[in-house]
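The following note sets out several points on the packing of this model for a colleague's consideration. Each point may be checked against the coordinates.

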Amino acid sequence: MALLHTPVCEFGLPAIDFSLPDYDGRLWTLDECRGTNGTLVMFICNHCPYVKSIQAKLVRDTNELKALGVNSIAIMSNDYREYPEDAPLELKRIAEELDYPFPYLIDHSQAVARAYGAVCTPDFFGYNADLELQYRGRLDSCGMNNTAESLPRELFEAMAAVAQTGSGPAEQTPSMGCSIKWRTE
């Protein structure tokens, strides 16, 4: 497991369009997934301990953001041939078990992760209603300490502000997590 941190937010950078399948094969586009007040694009996976530690908070926060007009999308870009816990049937199992309130998509070619500049899991890209980047930070400061419940909700608070004002916070702490598992062929 290689620990990486995300780069600083490039405010105003446009969201990259995509057409990706979920674990059942249904194709989703950015336009279908976007929210009226904002859109959260998340690069996550099943096997990463950083993602595992925030799953319950992720469900809570994305449900609450949906009520504010911010829709969320999760994209799994790892090479699941090398990491079977990230294979489509496992994505489906976890999504159903945790009742994910967002589509969980598969970036087989890894082209979408590369286009976004995703580097780790989790990696969050928060956009305003005009699909301009406003947040590239962490969920909170828990790291892999999933028992830390009373921490400031950095991602939620940033995206709530984006929903209300169209702008994210000037100060953002990078997300950290496992490197995306790029194909070697």
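Which residue follows H3, and what is the sign of its phi? The residue is Asp99, and its phi is positive, near 55°. The model under discussion is a predicted one, and the points below should be read accordingly.

1. Helix H3 spans residues 88-98, and within this helix Leu91, Ile94 and Ala95 are buried. These three cover an arc of only 100° around the axis, so they lie on the same side of H3. In general, an α-helix has 3.6 residues a turn, so residues three or four places apart point the same way. On the other side of H3, the exposed residues are Leu89, Glu96 and Glu97.

2. The cover over the buried residues of H3 includes helix H2 (49-67), together with strands E5 (70-76) and E6 (104-106). Two of the buried H3 residues, Ile94 and Ala95, are also touched by Tyr100. Tyr100 further touches Ile44, Gln55 and Val59, when residues up to four places away in sequence are not counted.

3. Helix H2 also packs against helix H5 (residues 154-165): their axes come within 10 Å and cross at roughly 10°. Because angles under 35 degrees count as roughly parallel, H2 is described as roughly parallel to H5. On the H2 side the contact involves Asp61, Glu64 and Leu65, which meet Phe156, Met159 and Ala160 of H5. By class, the residues of this contact comprise 4 nonpolar, no polar and 2 charged.

4. The largest nonpolar core holds 35 residues, of which Met42, Ile44, Tyr100, Tyr104 and Phe124 touch the most other members. Two or more residues come from each of strand E4 (38-43), H2, E5, H3, E6 and H5. The greatest contribution is that of H5, with 7 residues. A second, separate core has 21 residues, among them Ala15, Leu20, Val41 and Ile75. As a general background, nonpolar side chains in soluble globular proteins tend to be buried together.

5. Is Thr121, a residue of strand E7 (residues 120-121), buried or exposed? Thr121 counts as buried because its relative accessibility is 2%, against a cut-off of under 20%. Apart from neighbours within four places in sequence, Thr121 is in contact with Phe43, Ile44, Cys45, Cys48, Tyr50 and Val51, and also with Met176, Gly177, Cys178 and Ile180. One of these partners, Ile44, is among the residues that touch the most other members of the largest nonpolar core.

Definitions and conventions:
Residues numbered from 1 in each chain as written. Predicted model: local features only at pLDDT ≥ 70, side-chain atom pairs only at ≥ 80, totals over all residues. Heavy atoms only, no water. Buried < 20%, exposed > 50% of the residue type's maximum accessible area, 1.4 Å probe, protein only. Helix = DSSP H or I, 4+ residues; strand = E, 2+ residues; numbered from the N terminus. Arc of directions from axis to C-beta. Contact = heavy atoms within 4.5 Å. Axes fitted to C-alpha atoms, helices over the stretch in contact; angles between N-to-C directions. Parallel < 35°, antiparallel > 145°, perpendicular 65-115°, else oblique. Nonpolar A, V, L, I, M, F, W, Y, C, P; charged D, E, K, R; others polar. Core = buried A, V, L, I, M, F, W, Y, C linked by side-chain atoms within 4.5 Å.
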